[in-house]
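User: Could you take a close look at the cavities enclosed in this model and tell me what lines them? I would also like to hear how the surrounding parts are held together.

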Amino acid sequence: MAYEILEHTADAGVRGIGETLEEAFAEAARGMFSLMADLAQVRPVRELPVGAMADDLSGLLVAFLGELLFLRDKEGMLFSQFAVEIERENGGWKLGGKALGEPLDPRRHRLGVEVKAATYAGVRVEKTERGYIAQCILDV
Amino acid sequence: MKLEDLRRLGEYEWELPRVGEMRVPGRLYVSEELLRPLISGEVEAEGEGGGGQEWNALLQVQNVAALPGIVRASIAMPDVHPGYGFPIGGVGAFDPDDGVVAMGGVGFDINCGVRVLLTPLQRQEVEARKEEVADRLFAHVPAGLGSEGHIRLSIDEVDQVLKKGARFALERGYGIPEDLEYIEEGGRMEGADPAAVSQRAKEREFKQIGTLGSGNHYLEVQYVEEIYDPEAARAYGLEKDQILVAIHCGSRGLGHQIGQDYLQELERASKKYGIPIRERELVCAPIRSPEGQKYLAAVDAGINCAFANRQVIAHLVREALAPLFGLSLEKIRTLYDVGHNNVKFERHRVNGAERTLLVHRKGSTRAFGPGRPENPPPYRRVGHPIFVGGTMGTASYILRGTEVGMEKVFGSGVHGAGRAMSRAKAKRRWRGAELLRELGAQGILVRAHSFAGAAEEAPGAYKNVELVVEAAVGAGLNANVARVRPLICIKG
């Protein structure tokens with residue numbers, strides 16, 4: 001399990017890698033929050049439910065990351081751990097699970113940049129030799 | 001795409017001829033130097049200066065040219081680079097009856113733009129108290145990830161923001177009435193409908209109104225270094241060594257959420273109306289369809305949100321600066337406020353006849369030339385000002401709209417330098433604290449909420465803004481009025 005930050009001239013990409021699809025999604029989310037804060041400083045003390053639905057897995061990744069950005073703004077949270085389940089539903093895909101983190105505190109957290117949105121640019125969700133990967137470009 | 005695929009029309013003008021499903025040609029307004037990263041082929045070298053890293057921007061120009069109802073050309077302004085659906089620096093005008101409204105033509109930061117304030121202060125006055133001025137602005141204007149504004153909104157009040165735009169802020173005591181005359185569209189889009197905006201989008205605005213954000217957003221105290229067009233400078237009230245304040249920000253989380261929400265809604269609409277999706281951010285709906293109308297009403301609401309945000313921030317700047325220098329708040333005036341991620345109905349001349357078009361500008365500002373009735377009366381003879389952002393360490397430019405620009409690019413302007421290097425690479429190359437010291441030695445005081453964020457915004461990570469201005473002015477699209485330099489920069 002790991003994430004990688006992908007080079008992009010204007011913005012930044014994120015790639016989650018895992019043995020399962022779920023792990024790859026969770027790592028992509030960690031990668032996205034690593035752009036916004038030092039993850040080691042974000043304690044998993046508060047848990048929020050997350051959910052997303054889409055017609056395909058690319059759409060599910062973009063929707064999931066978008067949901068986390070919504071929760072960041074609405075709840076004033078940073079997240080560092082994720083546990084999600086992904087299943088097929090009505091011919092599409094459904095994600096459910098939880099995000100763990102703590103309220104953002106500029107005095108305690110070393111902050112990075114604010115990610116505006118997850119985009120379909122460079123999106124890939126697939127099984128490779130390295131395991132499952134889930135990646136896309138983020139609008140910063 | 002290769003150089004041979006393009007037809008040169010002038011020093012700064014190129015045609016991307018119609019091929020495949022393109023309905024109109026592409027038009028590029030770039031110098032050879034600016035064109036180099038856009039084409040693949042002879043130079044495939046990795047890294048800066050090499051060719052081809054931005055080749056997909058031209059594919060995006062082609063994709064936009066294939067959208068239904070596009071009029072005349074798919075336009076790439078001098079600061080063109082790859083975006084989402086539309087290229088950044090992309091302009092596309094559509095027939096209101098047969099055309100479409102496309103999500104990628106607006107993007108995720110609706111009405112991101114620049115407000116510039118005129119002060120009666122001279123460079124020396126601010127130089128003498130630079131630290132104090134920087135500290136006051138840094139403390140008073142909320143910026144950076146997770147920052148909260150001075151105003152807390154209820155859900156009903158968010159609806160008021162979305163309907164009234166800058167006027168909402170004024171009614172709350174943020175601003176002076178004169179401000180509204182110097183904002184594009186008077187600071188308010190009539191077509192805004194809060195019902196077209198999701199509850200989730202509104203919830204993101206509760207604490208964010210009047211916050212700057214982060215990334216490439218900034219607040220800058222600048223001085224006028226050089227004036228190129230004395231007549232326009234007089235109309236704008238600009239003098240050499242005068243202090244200006246530039247505010248670059250957009251519609252914050254609310255705008256981003258509208259983008260995210262309509263990415264899905266417009267994907268459904270594209271399929272429903274049988275419009276091929278060439279890139280998933282280029283989803284669209286016919287302008288006349290219920291889906292298209294709803295998206296336009298949501299975008300107008302997002303535009304109003306950004307106008308309100310900049311209006312609040314502008315007034316916070318007044319509150320921070322005026323008492324320091326013994327000025328009344330009214331002495332700090334709005335030069336102009338103009339967005340660069342918008343879609344709007346406008347009147348334009350096409351083949352000699354005036355008609356209404358829906359103009360998308362993604363990473364391009366409106367730049368209306370002389371005589372346009374939309375311009376504030378003092379600017380009517382010269383066209384309205386536009387602001388071309390440089391970097392923390394380099395000059396910015398004030399340009400104006402021209403007749404040539406009205407004719408060739410639907411009255412559009414360039415908006416900034418554009419990045420040349422990825423954020424990750426910039427962070428490896430520069431350390432935030434060191435960079436700020438270097439800039440300090442050049443007389444530019446930076447206050448940043450994030451050192452990592454500052455490193456990503458290092459001047460060396462950007463293209464040369466002079467090249468962008470040279471092409472815009474050389475092609476006649478915009479005219480040069482003044483060059484300004486930063487003294488203080490506040491970063492999120």
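Analyst: Happy to help; what follows starts with the cavities, then turns to the contact between the chains and to the salt bridges. Please keep in mind throughout that this is a predicted model.

Let's begin with the cavities. The structure holds five cavities of 30 Å³ or more. The largest cavity contains about 600 Å³ of space, and 37 residues line it. If you want to find its centre on your screen, look for H81(B), N216(B), H248(B), H415(B) and Y462(B), which are the lining residues nearest to that point. In terms of secondary structure, β8 (218-227) and β19 (478-491) of chain B each contribute at least two residues to the lining of the largest cavity. Its wall is mixed in character: the lining residues comprise 13 nonpolar, 14 polar and ten charged.

Next comes the second largest cavity, with a volume of about 60 Å³. Its lining consists of V114(B), V116(B), Y218(B), Q222(B), A246(B), F387(B), V388(B), G389(B), S396(B), Y397(B), I398(B) and V484(B). Two or more of these residues come from each of β7 (113-122), β8, β15 (385-388) and β16 (396-401) of chain B. Strand β16(B) gives the most to this lining, with three residues. You may recognise β8 of chain B here, since that strand supplies residues to the lining of the largest cavity and to that of the second largest cavity. By class, the second largest cavity is lined by nine nonpolar and three polar residues, with no charged residues, whereas the lining of the largest cavity includes ten charged residues.

Now for the way chain B meets its partner. The contact takes 36 residues from chain A and 38 residues from chain B. Together the two chains bury about 3200 Å², and 51% of that area is on carbon and sulfur atoms. On the chain A side, E114(A), K116(A) and Y120(A) lose the most area to chain B, together accounting for 22% of what that side buries.

The polar side of this interface deserves a look too. Seven salt bridges are counted between chain A and chain B. E114(A), already named for the area it loses to chain B, has its side chain in a salt bridge with that of R252(B), at 2.7 Å from N to O. There are also 14 residue pairs in polar contact across the interface, with both residues at pLDDT 80 or more. In chain A, the elements that each supply at least two residues to the side touching chain B are α2 (57-75), β6 (117-118) and β8 (131-139). Helix α2(A) provides the largest share of that side, eleven residues. Sorted by class, the side of chain A that touches chain B has 18 nonpolar, seven polar and eleven charged residues.

Finally, over all chains the count comes to 64 salt bridges. One of them joins the side chains of E184(B) and R366(B), at 3.9 Å from N to O. Because E184(B) sits in the loop between α6 (166-171) and α7 (199-203) of chain B while R366(B) belongs to strand β14 (residues 365-366) of chain B, this pair ties together parts that are 182 residues apart in sequence.

Note on methods
Residues are numbered from 1 along each chain as its sequence is written. Chains are lettered from A and ligands numbered from 1 in the order in which they are written. This is a predicted model: local features need pLDDT of at least 70, side-chain atom pairs count only at pLDDT 80 or more; totals for chains, interfaces and linings use all residues. Side-chain values use heavy atoms; hydrogens and water are left out. On a 1 Å grid over the protein atoms alone, a cavity is a set of points where a 1.4 Å probe fits but cannot get out, and a pocket is an open set with protein on both sides within 12 Å along at least five of seven lines; lining residues have an atom within 4 Å of a point. Grid points are joined across faces, edges and corners, and a volume is the space filled by probe spheres set on the points. Helices (H or I, at least four residues) and strands (E, at least two) are DSSP runs, numbered from the N terminus. Ala, Val, Leu, Ile, Met, Phe, Trp, Tyr, Cys and Pro count as nonpolar, Asp, Glu, Lys and Arg as charged, and the others, Gly among them, as polar. Contact means heavy atoms within 4.5 Å. Buried area is the accessible area (1.4 Å probe) that two parts lose on being put together, summed over both. A salt bridge is a side-chain nitrogen of Lys or Arg within 4 Å of a carboxyl oxygen of Asp or Glu. A polar contact is a pair of N or O atoms within 3.5 Å; within protein, one must be able to donate a hydrogen and the other to accept it, and residues adjacent in sequence count only if both atoms are side-chain atoms.
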